[in-house]
Protein chains: 4
Amino acid sequence: MASAPKSEYRLRRRVQFHEVDSAGIVHFSWFFRYMEEAEHALWREAGLSIAPPGAEVAFPRVSTSFDFRSPLRFEEEFDVRIRIAAISGKSIRYVCDVIRGDVLIAAATMTVTCVRREPGDVLKATAIPADIAARFAVAPGLDAEA
Amino acid sequence: MASAPKSEYRLRRRVQFHEVDSAGIVHFSWFFRYMEEAEHALWREAGLSIAPPGAEVAFPRVSTSFDFRSPLRFEEEFDVRIRIAAISGKSIRYVCDVIRGDVLIAAATMTVTCVRREPGDVLKATAIPADIAARFAVAPGLDAEA
Amino acid sequence: MASAPKSEYRLRRRVQFHEVDSAGIVHFSWFFRYMEEAEHALWREAGLSIAPPGAEVAFPRVSTSFDFRSPLRFEEEFDVRIRIAAISGKSIRYVCDVIRGDVLIAAATMTVTCVRREPGDVLKATAIPADIAARFAVAPGLDAEA
Amino acid sequence: MASAPKSEYRLRRRVQFHEVDSAGIVHFSWFFRYMEEAEHALWREAGLSIAPPGAEVAFPRVSTSFDFRSPLRFEEEFDVRIRIAAISGKSIRYVCDVIRGDVLIAAATMTVTCVRREPGDVLKATAIPADIAARFAVAPGLDAEA
């Protein structure tokens, strides 16, 4: 609990058969799931769940992008490195690289916003609770570009 | 509202690119989603949603099987025919065929049970509400084999 | 075959149960699949398949982005409107809106590049074949911003 | 290479956010992917890939079933234990349990058949190559029930 705030996580992953399309490469929609798996692992590393039972806030994605440089194939092992590029009052911005060995496979950005569920099932942006914000920090070298 | 109970639905569907695996055929996990899409369309045909906002009951799957006879490929059009084989107090049993033209692609069974959410997030089997059960009937010819 | 080149397609779609996450909204990874479904429908409208059997070229995605404005929920109907924003020698750039009634749900961009499979399973960028390029045109009003 | 034939694999896995549906439990279609992930890990343990580049044979699924006993939720860790129940000339039959701690979550069967791709893109059942069959054995205690 007194551990340092977290700003980065590196997830080791293997390509599964059902993630590969008929061209023999990972379907591009899967990269967004890889990034999210790494994000949730970062939260666990920080002692948190991004969606615990009975949560009062949630963190829907508001924007995301991916550039694809090189294909990934069945059973290849790769790393998903996610880093916090910015934390504002209501949002967190991540940057993410997917790497196989020393080959850059893809690079991404993703911004999530803290919301509270209001009557009528409306999602309203709200400040990230202090006990959550305290567990994260911007990754070294990324504070300037945020 | 006074329409006859429903016992069957035929869903016309086209194979999407992201559903096809590296062998060039629909990945087997997708057939379970095709069947479920047809089931939910049957419920809509009966004037119901299987998961409306604020629902007091839900219908988790308790068993399912699929036999695969012939492959499905990208952009092929096919039909998913789902029929009610049995309705007991707490469960509904479906049978389902996937057909392309006059070729049988696959055949399935699926049983779902009505549950109520109890304290501690426990799912407890409960009688299908009467206003739901009244909207469905066993398909002709299937009552004997149920 | 002598029909005019295509530059836009509007796909009508309904949210399926398996596309919705535990927050009750469509998981963000699905929007990329919705966009791709509309792209492939645009190609069919142009008399083409983006991945026909024995194809000599393929069109992997090289970059994509999505901004999410409003959530989509189970069984809602929505439209995916994809338009061609640019066609260069080797690439096609699309823009895409997801709309429910008159509510903008999300907006996207996607660039795909034509590749040829070379020995060693290498994908090499190549000119879009003339008979494919001739079937498409930049959408009115988008040529300036391309 | 001279290691003993393999008959079982236990895969440790964590539930990912995108696998959970709006009822807060893993969508049933995912269990078939969990089982397949374990199957492919079993093949790797046996020194094989089930779908290597340039493979002359493939192993499409011909039938499968799942019984669901207890729900799985976001971030829970669980084991997928797959065992070989039978190896015939052309087919392999697996049984599979999904377990969280000492709770049985679900139990499955799956049969796959060895096929060769023939002209016209036809898949024809063929004998499992000897060098593949030699790497596997029926799991102890399952030979009687096969």
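These legends walk through a set of close-up views of a predicted model. Because the model is predicted, local features need pLDDT of at least 70 and side-chain atom pairs count only at pLDDT 80 or more, while totals for chains, interfaces and linings use all residues. Residues are numbered from 1 along each chain as its sequence is written, with chains lettered from A and ligands numbered from 1 in the order in which they are written.

**View 1. Chain A on its own, with 2 helices and 8 strands.** Helices here are DSSP runs of H or I with at least four residues, strands are E runs of at least two, and both are numbered from the N terminus. Going along the sequence of chain A, you read β-α-β-β-β-β-β-β-β-α. The radius of gyration of chain A is 16 Å, close to the 15 Å that the globule rule gives for 146 residues, so chain A is as compact as a globular protein of that length. (That radius is taken over C-alpha atoms, and the rule is 2.2 Å times the number of residues to the power 0.38.) Along its principal axes, the C-alpha trace of chain A spans about 45 × 40 × 25 Å.

**View 2. β6(A) and its antiparallel partners β3(A) and β5(A).** Strands count as a pair if DSSP finds at least two bridges between them. With β3 (residues 61-68) of chain A, β6 (residues 103-113) makes 7 bridges, and Asp67(A) sits opposite Ala107(A). With β5 (residues 91-100) of chain A, β6(A) makes 10 bridges; here Val95(A) has Thr109(A) as its bridge partner. The hairpin of β5(A) and β6(A) has 2 residues between the strands, and Gly101(A) takes a positive phi near 65° there.

**View 3. An open sheet of 3 strands in chain C.** The strand order is β2-β7-β8, with antiparallel pairing. β2 (57-58) and β8 (122-125) of chain C are at the edges with a single partner strand each, so one side of each has no neighbour in the sheet. Look for the 2 bridges between β2(C) and β7 (residues 115-118) of chain C: Val57(C) has Arg116(C) as a bridge partner.

**View 4. Where chain D meets chain B, 20 residues against 20.** Being in contact means that the C-beta atoms of two residues, placed from the backbone, lie within 7 Å. On the side of chain D that touches chain B, α1 and β3 (61-68) are the elements that give two or more residues. The largest share, 8 residues, comes from β3(D). By class, this side of chain D has 12 nonpolar, 5 polar and 3 charged residues. For that tally, Ala, Val, Leu, Ile, Met, Phe, Trp, Tyr, Cys and Pro count as nonpolar, Asp, Glu, Lys and Arg as charged, and the others, Gly among them, as polar. Across the interface, 5 bridges join β3 (residues 61-68) of chain B to β3(D), and the two strands run antiparallel. Ser65(B) stands opposite Ser65(D).

**View 5. The rotation that lays chain D on chain B.** A turn of 180° with a shift of 0.0 Å along the axis does it, at an RMSD of 0.0 Å. Ser65(D) has the C-alpha of chain D nearest the axis, 2.0 Å away. The superposition is by least squares on the C-alpha atoms of residues with pLDDT of at least 70 in both copies. Since 100% of the interface residues of chain D are also interface residues in chain B, the copies meet through the same surface.

**View 6. Helix α1(B) against helix α1(D).** Both helices cover residues 29-45, and they pack at an angle of about 175° with their axes 8 Å apart. The axes are lines fitted to C-alpha atoms, for helices over the stretch in contact, and angles run from 0 to 180 degrees between N-to-C directions. The pair is therefore roughly antiparallel, a label for angles over 145 degrees (under 35 is roughly parallel, 65 to 115 roughly perpendicular, the rest oblique). Ser29(B), Phe32(B) and Arg33(B) meet Ser29(D), Phe32(D) and Arg33(D). Those contact residues split into 2 nonpolar, 2 polar and 2 charged.

**View 7. Where chain D meets chain A, 11 residues against 11.** The chain D side divides into 3 nonpolar, 4 polar and 4 charged residues. Chain D can be laid on chain A by a turn of 180° and a shift of 0.0 Å along the axis, with an RMSD of 0.0 Å. The two copies are thus related as by a two-fold rotation axis. Arg13(D) is the residue of chain D that comes closest to that axis, at 5.8 Å (C-alpha).
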